[in-house]
Amino acid sequence: MVIAAPSSGSGKTTVATGLMAALSARGFAVSPHKVGPDYIDPGYHALATGRTGRNLDAYLCGPELVAPLFAHGAGGCDIAVVEGVMGLYDGAAGEGELASTAQVAKSLRAPVVLVVDASSQSRSVAALVHGFVSWDPQVRVGGVILNKVASDRHEGLLREALESVGVPVLGVLRRAAQVETPSRHLGLVPVAERGSVAVEAVSAMAAQVAAGCDLSALVALARSAGALTGAAWDAGEALVSSPPPPLPFPSPGAAPPDPHRPCGPRPQTPDGLEGAGRAVRVAVAGGSAFTFSYAEHAELLSAAGAEVVTFDPLRDEELPEGTAGLVVGGGFPEVYAAELSANEALRKAVAELALSGAPVAAECAGLLYLCRELDGLPMCGVLDASARMSERLTLGYRDAVAVSDSALAGAGTRMRGHEFHRTVVEPGAGEEPAWGMRAPERRVEGFVQRGVHASYLHTHWASEPGVARRFVERCRTS
C-alpha cells in the first residue's frame, strides 16, 4: 500500500515509518519504499523494518523500472509500505504526473492511504478527501488516516463529515511531540546522526500508529493490491542487457589503444558480464557525513565484479587496503567539515589515489570533500575549487548529458538526476565539465580530470547500468 497525503507536512513519514515498525513488531517481514529521490526517509524506514529502504523514482529511472525495482526490493517480504512524496498528485515540474506518488501507485496497482492533517478543519475534510478520490479514477484511495486531531469531539466531527464520501477512516492520530523528527536546511536529520534518539523516535511512531490505526484493516487493504506482471529487477541481468560501455579511456601516460585489436564482443565469463575477471576493491564512503546512496549502486558494482567495502571518512585514517576505485556519495560534509578536515591522513590518501588516475566518482557531498576547502577548512585538494555554505537552496530534477569522457560515463551519455544542496562550488565547472544540463536551464557543471568524475548531480545507476560496469572496468585497467 502507498501512504500519501494532500501536501507535504501532513505526516506521511510519521505514519509510514510508524506503520512499518508496528507491522514488523507483529511479525511481518515489511519491505520499505520511498517515492522520489529522497535519501533520508529510507534511513528511518530501514530502522523501522531492519531492511534496506529503497527509492522508487519514475523520473530518475523511468516509469518502466518502478515495478521491477519494487519487486526486487520486496522479494521475500510479507507486505510492502510505500511512502509517497509531496502531495499525491505532485510530480516533476512541467512533466504532468511523472514522478508523482499517484503514478507510482498506478504502476504498482497499489491502494492508497491518504494521511490528512486535520488540525484546522472539520467538515471541510470531506471536500478535500472527495477531491483527491475523484481526481484520477485510476488511483484507488482505500482509506484515510486523520492526523493531528485535537480531541474526541473533533474526531467525531471529522468522521461524520467523511461518511458522505464513502472512504473509511483507518486511523486517527493525536498530536505527539515525541514522534517529531528534527530537521535542518535539507530536511530531516539522517538516522546515522541521531543514534539512539532515532531509535526512540521510531518506537514512538510505532506506538502511536499501533494505538490509533486499525492495523488489521490496513493489512487487508494491502492484500487487495493488484498482481504485478514481469520480472523483478536484477543487477546482474541489468548489466548483461545494458549496451556494452566504450573501452575505458587510458590512464595518463598509457600506450594508445591498438588500432588492430579485433572487433566484436569480448569473451564473456559464465555470469555473462563482459570484461569480468579478477575482483577489484571499490571503497564507498559512509558514516554520518556520507549517508546518501541508493542500494542499487553497490549491487551493480558487485554484479560488475567489484568487492564493495564501506569506510568512514570521519574515523578511518586509511582507505581500505587494495582500493582500486572510490565512490563518495551525498550527505552533509558541511556539518562535519571540521572533523573531515582534521583527518589529514585520509585526505592525503584520497588525494594520492585520485592523482594516480584511479577512478573516483563523487556526488554532491563527495564533490565538496574533493575540493581544496570547504567553508575555509582544508579538504582533499583533488579539485582546484573551493566550496562554501549558501543561503540559496538548489533543488530539482535535471536532464543531463555527459560532456567529457570519464571513468563513469562516455561523452554523450544521457542521464536524469537531481540536485539538492545549499552550497556553492567556485568555479562551478572544470576545464572538462562532467555534465551539460539540458533542463530546466542549459549550463555545464562538475569536473572530470584523470579518473575523477565529480558533480553536484545525484543519479540512479539502475537507469544506466553501464556506468557501473564502465567504472569497474576502469578500476581494473587504471
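Glutamate 426 is partly exposed in this predicted model, with a relative accessibility of 41%. Its side chain meets that of arginine 388 in a salt bridge, with 3.2 Å from N to O. Arginine 388 belongs to strand 16 and glutamate 426 to strand 17 (residues 414-426), so the contact ties together parts that are 38 residues apart in sequence. Arginine 388 is likewise partly exposed, and its relative accessible area is 36%. Glutamate 426 also takes part in a backbone feature: the peptide bond that leads from glutamate 426 to proline 427 is cis, and its omega is near -5°. Proline 427 itself sits in the loop between strand 17 and strand 18 (435-439).

Strand 17 holds a partner of another salt bridge, glutamate 419. Here the side chains of glutamate 419 and arginine 443 meet at 2.4 Å, N to O. Arginine 443 lies in strand 19 (residues 443-445), and the two partners are 24 residues apart. What of their surroundings? Glutamate 419 is buried, because its relative accessibility of 2% falls under the 20% limit. Arginine 443 has a relative accessible area of 27% and is partly exposed.

These contacts can be placed in a wider picture, as a search of the whole structure finds 20 salt bridges. One of them joins the side chains of aspartate 117 and lysine 148, with an N to O distance of 3.8 Å. Aspartate 117 is in strand 5 (residues 112-117) and lysine 148 in strand 6 (residues 141-149), so strand 5 and strand 6 each supply one partner of a pair 31 residues apart. Both residues are partly exposed: aspartate 117 has a relative accessible area of 24%, and lysine 148 has a relative accessibility of 25%. Elsewhere, Asp152, Glu155, Arg159 and Arg174 are joined into one network by salt bridges that share partners.

Charge also gathers on the surface. Asp316, Glu317, Glu318 and Glu321 make up a patch of negative charge there. Aspartate 316, one of these residues, is located in the loop between strand 11 (306-311) and strand 12 (323-328). With a relative accessible area of 31%, aspartate 316 is partly exposed.

Aromatic contacts come next. How many aromatic pairs does a search of the whole structure find? The search finds seven. In one of them, the ring centres of tyrosine 39 and tyrosine 294 are 4.5 Å apart and the planes meet at 25°; this angle is under 30 degrees, so the pair is stacked. The two tyrosines come from distant parts of the chain, 255 residues apart: tyrosine 39 lies in the loop between strand 2 (30-35) and helix 2 (40-49), and tyrosine 294 in the loop between strand 10 (280-285) and helix 12 (295-303). Tyrosine 39 and tyrosine 294 are both buried.

Another stacked pair is formed by tyrosine 59 and tyrosine 397, whose ring centres are 4.3 Å apart and whose planes are at 25°. This pair, too, links distant parts of the chain, with tyrosine 59 in helix 3 (residues 58-61), tyrosine 397 in strand 16 (residues 386-402), and their positions 338 residues apart in the numbering. Tyrosine 59 is buried, with 6% relative accessibility. Beyond single pairs, Tyr39 and Tyr294 join Phe292 and Phe332 in one aromatic cluster.

A few loop residues round off the description. Cysteine 364 has phi near 55°, a positive value in a residue other than glycine. Cysteine 364 occupies the loop between strand 13 (360-363) and helix 15 (365-370). Is cysteine 364 buried or exposed? Its relative accessibility is 6%, which means that cysteine 364 counts as buried. Arginine 450 also has a positive phi, near 50°. The place of arginine 450 is the loop between strand 20 (447-449) and strand 21 (452-455), and this residue is partly exposed, with a relative accessible area of 43%.

Serine 164 lies in the loop between helix 7 (152-162) and strand 7 (169-174). Serine 164 counts as exposed because its relative accessibility, 66%, is over the 50% limit. Between serine 164 and alanine 127 the C-alpha to C-alpha distance is 9.8 Å in space, and the two residues are 37 residues apart in sequence.

Methods: Residues numbered from 1 in each chain as written. Predicted model: local features only at pLDDT ≥ 70, side-chain atom pairs only at ≥ 80, totals over all residues. Heavy atoms only, no water. Patch = residues over 30% accessible without salt bridge, like charges linked within 9 Å, V, L, I, M, F, W, Y side chains within 5 Å. Areas by Shrake-Rupley, 256 points an atom, 1.4 Å probe, with all protein chains shown as cover. Salt bridge = Lys/Arg side-chain N within 4 Å of Asp/Glu carboxyl O. Lys, Arg positive; Asp, Glu negative; His and termini not counted. Charge placed at Lys NZ, Arg CZ, Asp CG, Glu CD. Helix = DSSP H or I, 4+ residues; strand = E, 2+ residues; numbered from the N terminus. Buried < 20%, exposed > 50% of the residue type's maximum accessible area, 1.4 Å probe, protein only. Phe/Tyr/Trp six-rings, centres within 6.5 Å; stacked < 30°, edge-to-face > 60°.
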